[in-house]
Amino acid sequence: MLSNVIFLNSMRFVLLVLAQVLIFNHLNFFGTINPFVYVLFFYWYPIKDNNAVLLLIAFALGITIDVFSDSMALHTLTCVTLAYFRPFIMRFCFGVNFDFQNFTFKNATTIQRLTFLLLLILMQNLVFFTFEILSFSHIVLILKKILFTTLTTFLICSLLSVLFAKNQV
């Protein structure tokens with residue numbers, strides 16, 4: 001069973017990197033909105049897996065996207081930040097249930113799962129655009145990019161997560 005989880009996470013890693021680099025990096029809605037679908041990796045990553053392993057995988061995910069996107073380690077910074085704060089976001093979204101050993105994503109409500117996804121995307125865009133522009137004199141531009149990219153990414157990631165969700169009965 002462990003090899004199935006490793007294989008599934010490896011396939012998600014490769015497919016999300018390919019989707020981001022080959023498709024979504026070339027989609028520029030209204031000239032500035034570029035969705036970041038690789039955030040789904042942190043959404044789909046197993047709940048109770050080792051956080052140190054997640055940090056290493058996040059570094060590899062970020063550096064791989066940076067190499068192909070020529071984005072000066074912004075994606076690496078973002079991915080490692082998401083991996084570090086993911087347990088805190090999960091505890092915020094899922095509450096006390098998250099601490100129980102038998103907690104699964106299926107036990108969570110749709111609102112909790114969407115809130116978790118939205119917070120991951122919001123944090124990713126906040127870190128990415130703040131460090132990309134790195135000027136508080138352009139705070140309106142930063143906020144505009146964060147807002148519109150978050151909404152676009154959330155819509156696309158929600159659709160992808162529904163499309164690739166396991167059948168839940």
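# Notebook: rings, core and a helix pair

I started with the rings and counted 12 aromatic pairs in the structure. A pair here means rings of Phe, Tyr or Trp (its six-membered ring) with centres within 6.5 Å; planes under 30 degrees apart count as stacked, over 60 as edge-to-face and the rest as tilted.

Before going on, I noted that this is a predicted model, where local features need pLDDT of at least 70, side-chain atom pairs count only at pLDDT 80 or more, and totals for chains, interfaces and linings use all residues. Residues are numbered from 1 along each chain as its sequence is written, and side-chain values use heavy atoms, with hydrogens and water left out.

**Entry 1: F36, F129 and F128**

I looked up F36 and F129. Their rings form a tilted pair, 6.2 Å centre to centre, with 45° between the planes. Where do the two residues of this pair sit? F36 is in the loop between α1 and α2, and F129 is in helix α5. They are 93 residues apart, and the pair links distant parts of the chain. I took helices as DSSP runs (H or I, at least four residues; strands would be E, at least two), numbered from the N terminus.

Both F36 and F129 are buried. Buried means under 20% relative accessible area, exposed over 50%, and partly exposed in between (1.4 Å probe, protein chains only).

F129 also pairs with F128. That pair is edge-to-face, 5.2 Å centre to centre, with 90° between the planes. I checked accessibility for both. F128 has a relative accessible area of 6%, so it counts as buried. F129 has 3%, so it is buried too.

I found one ring cluster to note as well. Ring pairs link F13, F41, F42 and Y45.

**Entry 2: F42**

F42 came up in that cluster, and I followed it. F42 lies in helix α2. Is F42 buried or exposed? It is buried, because its relative accessible area is 0%.

Next I listed its contacts (heavy atoms within 4.5 Å). Not counting residues up to four places away in sequence, F42 touches L54, A58, L61, C79, L82, A83, R86, F116 and L120. I also took one distance. The C-alpha atoms of F42 and L117 are separated by 8.8 Å, and the two residues are 75 apart along the chain.

**Entry 3: the nonpolar core**

I then looked up the largest nonpolar core. A nonpolar core is a set of buried Ala, Val, Leu, Ile, Met, Phe, Trp, Tyr and Cys residues joined through side-chain atoms within 4.5 Å. This one has 40 residues. F41, F42, L61, F94, F116 and L120 have the most contacts inside it.

Which elements give two or more residues to this core? They are α1 (2–23), α2 (40–44), α3 (51–69), α4 (74–94), α5 and α6. The largest share comes from α4, with 8 residues. In soluble globular proteins, nonpolar side chains tend to be buried together.

**Entry 4: α5 against α6**

I turned to helix α5 (residues 110–133) and helix α6 (residues 139–163). Their axes come within 9 Å and cross at roughly 145°. Axes are lines fitted to C-alpha atoms, for helices over the stretch in contact, and angles run from 0 to 180 degrees between N-to-C directions.

I listed the residues in the contact. α5 gives L114, L117, L118, I121, L122, N125, L126, F129, T130, E132 and I133. α6 gives L141, I142, K145, I146, T149, T150, T153, F154, C157 and S158. By class, I found 13 nonpolar, 6 polar and 2 charged residues. Ala, Val, Leu, Ile, Met, Phe, Trp, Tyr, Cys and Pro count as nonpolar, Asp, Glu, Lys and Arg as charged, and the others, Gly among them, as polar.

**Entry 5: two loops**

N34 is in the loop between α1 and α2. It counts as buried because its relative accessibility is 16%. Beyond four places in sequence, N34 touches F24, N25, L27, N28 and T149.

I moved to the loop between α3 and α4, which holds M72. M72 has 73% relative accessibility, so it counts as exposed. The C-alpha atoms of M72 and V5 are separated by 31 Å.

D70 is in the loop between α3 and α4, and so is A73. Most residues other than glycine have a negative phi. D70 has a positive phi of about 55°, and A73 has one of about 70°. Neither D70 nor A73 is a glycine. D70 is exposed, at 68% relative accessible area. A73 is partly exposed, at 40%.
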